[in-house]
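Work through the exercises below with the sequence and the coordinates at hand. Each task is followed by its solution.

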Amino acid sequence: MSKLAILGGTPTRTEPYPDWPVHDERDVAAVTAVVRSGHWGGYPYPGPQTAEFARRFAEMQGGGHAVMMANGTVTMEVALRAADVGWGDEVIVPAYTFQATAAAPMAAGAIPVIVDIDPQTYCLDPQAVEAAITPRTRALVPVHLGAQMADMDVLMEIAERHNLIVVEDCAHAHGAKWRGRGAGTLGHFGSFSLQSSKILTTGEGGVLLCRPPELAARAASIIDCGRPHDVAGPHAEIESYDRSGLTFTMGANYRMTELQAALGNVALERFPEQARQREEMAGYLEESLSEIPGVRLLKRDPRHTTRSFYRYIFAIQPEVFGAGHEVVCAALSAEGIPCWSGYEAMHHYELFQPGLSRLPVPSAFPEKFDFSKMDLPESERACQREAMWLDECVFRAGRQGVDDTVAAVAKVQAHAAELAEWERKLRDK
Ligand SMILES: Cc1ncc(COP(=O)(O)O)c(C=O)c1O
């Protein structure tokens, strides 16, 4: 058995995986054309590149009115504000996500209520949602994490029964479908990040898909310094504002720029083939990854009809690998496989803990901020010991790229005794 690379052995893979983002002369030409046009920014909203990107993006996801923004955090804040969710309202978010999901409700003035995940999918647990609903609950933000989707059937049923707004956080779910319907078109809103690591990127950027047209018009006003906007037609572009009868709403400049949108229009051309390739190679990965002792694949829900792969998350049994995911990831990275142990749970962030940060404890609802009383065992397990995140580039290096990943995971597992020793040393330090 060859020595672990992290202990001085030869890495399983020495060839780097392909870079992201992919770019070529089409991007250069698109940006050059915008530079030459002199129309660089986002005003008046939407510019021609932005309007085209909005139309094509909504078409790709299969519905909604797209409002184009600076990133995939303000998209969620704006969605909540457009739906009048704000001061003192409660917004349910999963503990296992990027901080933006919990920070966006705070930016809208609401309280993020952090609940546990389903261990089979690592997405929002509908039972935990139901248990967290109070008369102050106004919205849910399910996150479609990695390559998974939250159970939108049950979550929408709960939301309808309690009259809640649903903002799907689709930062990882471009192109994904649930029962043939696009992620982000099932809830009232779908929020997409186009930040540089995302599988559809404009460097920075965000798209908010809005199902109700009147909420799309409100969202467009909020991101355009409060100027009035309207929506016309099915799928339709947001029309620029009418200068007569100016009624301003509370807003700011959260607009996407024309330079970003031009990159987005080129990225959309490449996206279908990249998505197809990732899906094919992920299927190939699963055939052999599942054979490795101590590996647990997350659930493949048949209702999740098209999967998209931002990160491929699987779980390890630490007792079979000899160590938790931090050590396993370090060993796998040394083998030449890009991987990560994933997010910290939201209730560990100082920002969301008034006792540790400078946030005042709201006297009205102190119990929502008492993280010491929270019991989120599934999020704890995923965040602290189990979850392994493979980078999407693993799926863009052909079968060899996948074979190397599987071989490296198997090699690392076969050295469980050394990993256990190493983790013990780390703990004793
Ligand atoms: C789950 C999730 N939500 C929201 C965001 C925020 O997106 P952005 O960085 O575009 O603000 C991210 C970005 O990494 C994310 O991973």
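Buried means under 20% relative accessible area, exposed over 50%, and partly exposed in between (1.4 Å probe, protein chains only). This is a predicted model, in which local features need pLDDT of at least 70, side-chain atom pairs count only at pLDDT 80 or more, and totals for chains, interfaces and linings use all residues. Residues are numbered from 1 along each chain as its sequence is written, and side-chain values use heavy atoms, with hydrogens and water left out.

**Exercise 1.** Classify C225 and Y122 as buried, partly exposed or exposed.

Solution. Start with C225, in the loop between α7 (213-223) and β10 (230-231); helices (H or I, at least four residues) and strands (E, at least two) are DSSP runs, numbered from the N terminus. Its relative accessibility is 29%, so C225 counts as partly exposed. Next, Y122 lies in the loop between β3 and α5 (126-132). Y122 has 1% relative accessibility and therefore counts as buried. As for the backbone, phi is positive at Y122, about 65 degrees, and at C225, about 60 degrees; neither Y122 nor C225 is a glycine.

**Exercise 2.** In what order do the strands of the seven-stranded open sheet stand, and which stand at the edges?

Solution. The order is β1-β9-β8-β5-β4-β2-β3, with mixed pairing (two strands pair if DSSP finds at least two bridges between them). β1 (65-69) and β3 (111-115) each have a single partner strand, so they are the edges. At the β1 edge, five bridges lead to β9 (residues 206-210), antiparallel to β1; M68 has V207 as its bridge partner there.

**Exercise 3.** Which peptide bonds before P44 and P46 are cis or trans?

Solution. The Y43 to P44 bond is cis, with omega about -5 degrees. The Y45 to P46 bond is cis, with omega near -10 degrees. P44 is in the loop between α1 (25-37) and α2, and P46 is in the loop between α1 and α2.
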